[in-house]
Amino acid sequence: MNKEDILARMEKAIIEGHKQEAETLAREALEEKMDLLEVIEKGYVRGIQKVGDLWERGDYFLPELITSAECMKAAMSILQPELEKAQLRAQSRGKVIIGTVEGDIHDIGKNLVASMLAANGFDVLDLGSDVKLETFVEKAEEENADFICLSALLTTTMLGQKRVIEILKEKNLSPRIKVLVGGAPANQKWAEDIGADGYGENAMKAVKVAQDISRG
Amino acid sequence: MKTFMASVAEKIENLKIEFDEKRILRLIGYKTKSIELKDPVKKLIAEEKQKLDRLLHPVSIYIILDYEETNKHPIFNGAEKVALCICTIGPDLETEIKELMSDNEMLRALILDSLGSEAAEEVAVQSDRILAEKAREMDLWPSKRFSPGYGKWDIQEQRYVFSVLPGESIGVRLTESCMMIPRKSVSFRINFYENKEFSTRKK
């Protein structure tokens, strides 16, 4: 099978959510000593981009997005150790620090956003849930992050999103580090009121907002 | 003639949870009216549903207070009595979701989470029906159910609900930030009115 065929099959495996096929092809790429960066960009990444397009057109829904993101993660976990050995890095769309704010332990929505961002080429560090507000900023500084994504599911804890933005301003890290907010009580107006750089109504919209910001 | 009940908390157990397929699909992200589910998704939903017998432990606890016994929050104004209720499906479903997420089974986790949300809502719906019936038995008119955090009833009022109801007796506790644990829990109030005009509930 020629290279173009393999890349097309990788793309298809992601679009159709075939995890085993995505994994098999990743192993094949290693055996065939293919150019791994090309495999990622022209195979798997194209697949996940098309999944995003299908979602925008209304043909795909959250379950399909998750399935494709899971396939992407499975393939990347096979390729990543070899990339590291070769001291190569897949092109990153930006470094993201993500977590659910202090006092709140809801995490499924945040995990979905983290997994969608990772599948779409962002370098994601998930701090988990009930994360101290200062920790978001400390980690973002340490990791030289481009984004902080803050999830809150309660009207009581969403105030933490505002506080993180204030801390960033106090430390002169704003506007370099962009802040995206999400969670049931948040909305576009809330994001604007507290000075966030974006609001993700759902996992895929969060990805789109991050992509738009990182493209400038 | 009104019957005045003693204000003691009582449990509602042995609730049977039925699922509305369409609502489940909406909760997992299918926002359109009709959708042809792909076989892998259909299979996952069926498999996660099979776990529910083992994972759901629906129970609620309620108390019916005379208005004078309440904290007289303005939201209770005009009510003869106030029913307060805490419902839960227990912690096991959330433990399972956590395990699924740590195994990177995000879609299964989302499906189970949606089933859990629907189940908790169903416990609230059934408890609400029982309490509305109790209002009618007392010759009073029940309002709709309202939860802390909605409308003019601030989320902080969760503390009041938990001060008059022993949530821990059904395994529910309140955090500093007024979140209930297990998360798949619902609390609400129903005002019982003498005057039918005050009731927001349709017959």
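Helices here are DSSP runs of H or I with at least four residues, strands are DSSP runs of E with at least two, and both are numbered from the N terminus. I keep that in mind for every element name below. The model I am reading is predicted.

**Entry 1: a loop in chain A**

I began with A:Asn172. I found it in the loop between H7 and E4 of chain A. Its phi is positive, about 55 degrees, although the residue is not a glycine. Is A:Asn172 buried or exposed? I counted neighbours: 8 other C-beta atoms lie within 10 Å of A:Asn172, so it is exposed. The cut-off for exposed is 12 or fewer.

I stayed in this loop for A:Pro175, which sits between helix H7 (159-170) and strand E4 (178-182) of chain A. The peptide bond from A:Ser174 to A:Pro175 is cis, with omega at about 10 degrees.

**Entry 2: another positive phi**

Next I looked up A:Lys33. Its phi is near 50 degrees, a positive value in a residue other than glycine. I placed A:Lys33 in the loop between helix H2 (19-31) and H3 of chain A. A:Lys33 has 8 other C-beta atoms within 10 Å, and therefore it is exposed.

**Entry 3: strand E1 of chain A**

I then turned to strand E1 of chain A, residues 95-100. Five of its six residues are buried, so I noted the strand as mostly covered. Which strands pair with it? I found E2 and E3 of chain A.

- E2(A) covers residues 123-126 and pairs with E1(A) in the parallel sense, over four bridges. Within that pair, I see A:Val96 opposite A:Val124.
- From E1(A) the chain passes through helix H5 (residues 108-119) of chain A to reach E2(A), and this β-α-β crossover is right-handed.
- E3(A) covers residues 147-151 and runs parallel to E1(A), joined to it by five bridges. There, A:Ile97 has A:Ile148 as its bridge partner.

**Entry 4: two domains in chain A**

I checked the domain assignment of chain A. It gives domain 1 as 3-85 and domain 2 as 95-215. Their C-alpha centres lie 26 Å apart. How many residues does each domain give to the contact? Domain 1 of chain A gives 10 residues and domain 2 of chain A gives nine.

I looked more closely at the domain 1 side. Helix H3 (36-56) and H4 of chain A each supply at least two residues there. H4(A) has the largest share, with six residues. By class, I noted seven nonpolar, two polar and one charged on that side.

**Entry 5: where chain A meets chain B**

I moved on to the two chains. In the contact between them, 19 residues of chain A touch 22 residues of chain B. Which elements of chain A give two or more residues to its side? They are helix H4 (62-85) and H5. H4(A) again has the largest share, six residues of the side that touches chain B. That side of chain A divides into seven nonpolar, nine polar and three charged residues.

I note that H4(A) appears on the side facing domain 2 of chain A and on the side facing chain B.

**Entry 6: chain B as a whole**

I listed the secondary structure of chain B: six helices and seven strands. The order from the N terminus is β-α-α-α-β-β-α-α-β-α-β-β-β. Its C-alpha trace spans about 60 × 35 × 30 Å along the principal axes. Of its 203 residues, 42% are buried. I also looked at contacts in chain B with a separation of 6 or more: residues 24 or more positions apart account for 78% of them.

**Entry 7: the sheet of chain B**

I traced an open sheet of five strands in chain B, ordered E1-E2-E3-E7-E4 with antiparallel pairing. Which strands lie at the edges? Strand E1 (10-12) and strand E4 (141-142) of chain B do, as each pairs on one side only.

At the E4(B) edge, the partner is strand E7 (residues 185-193) of chain B, antiparallel over two bridges. I found B:Trp141 opposite B:Tyr193 in this pair.

A helix packs on the sheet: H5 of chain B, residues 106-137. It touches E1, strand E2 (59-66), strand E3 (81-88), E4 and E7 of chain B. The direction of H5(B) makes about 20 degrees with that of E7(B).

My last look was at B:Pro182, in the loop between strand E6 (180-181) and E7 of chain B. The bond joining B:Ile181 to B:Pro182 is a cis peptide bond, with omega at about 0 degrees.

Methods:
Residues numbered from 1 in each chain as written. Chains lettered and ligands numbered in written order. Predicted model: local features only at pLDDT ≥ 70, side-chain atom pairs only at ≥ 80, totals over all residues. Buried ≥ 20, exposed ≤ 12 C-beta atoms within 10 Å, placed from the backbone. Pairing = 2+ DSSP bridges. Right-handed = clockwise from strand over helix to strand, strands pointing away. Contact = placed C-beta atoms within 7 Å. Nonpolar A, V, L, I, M, F, W, Y, C, P; charged D, E, K, R; others polar. Domains from an automatic or database assignment. Axes fitted to C-alpha atoms, helices over the stretch in contact; angles between N-to-C directions.
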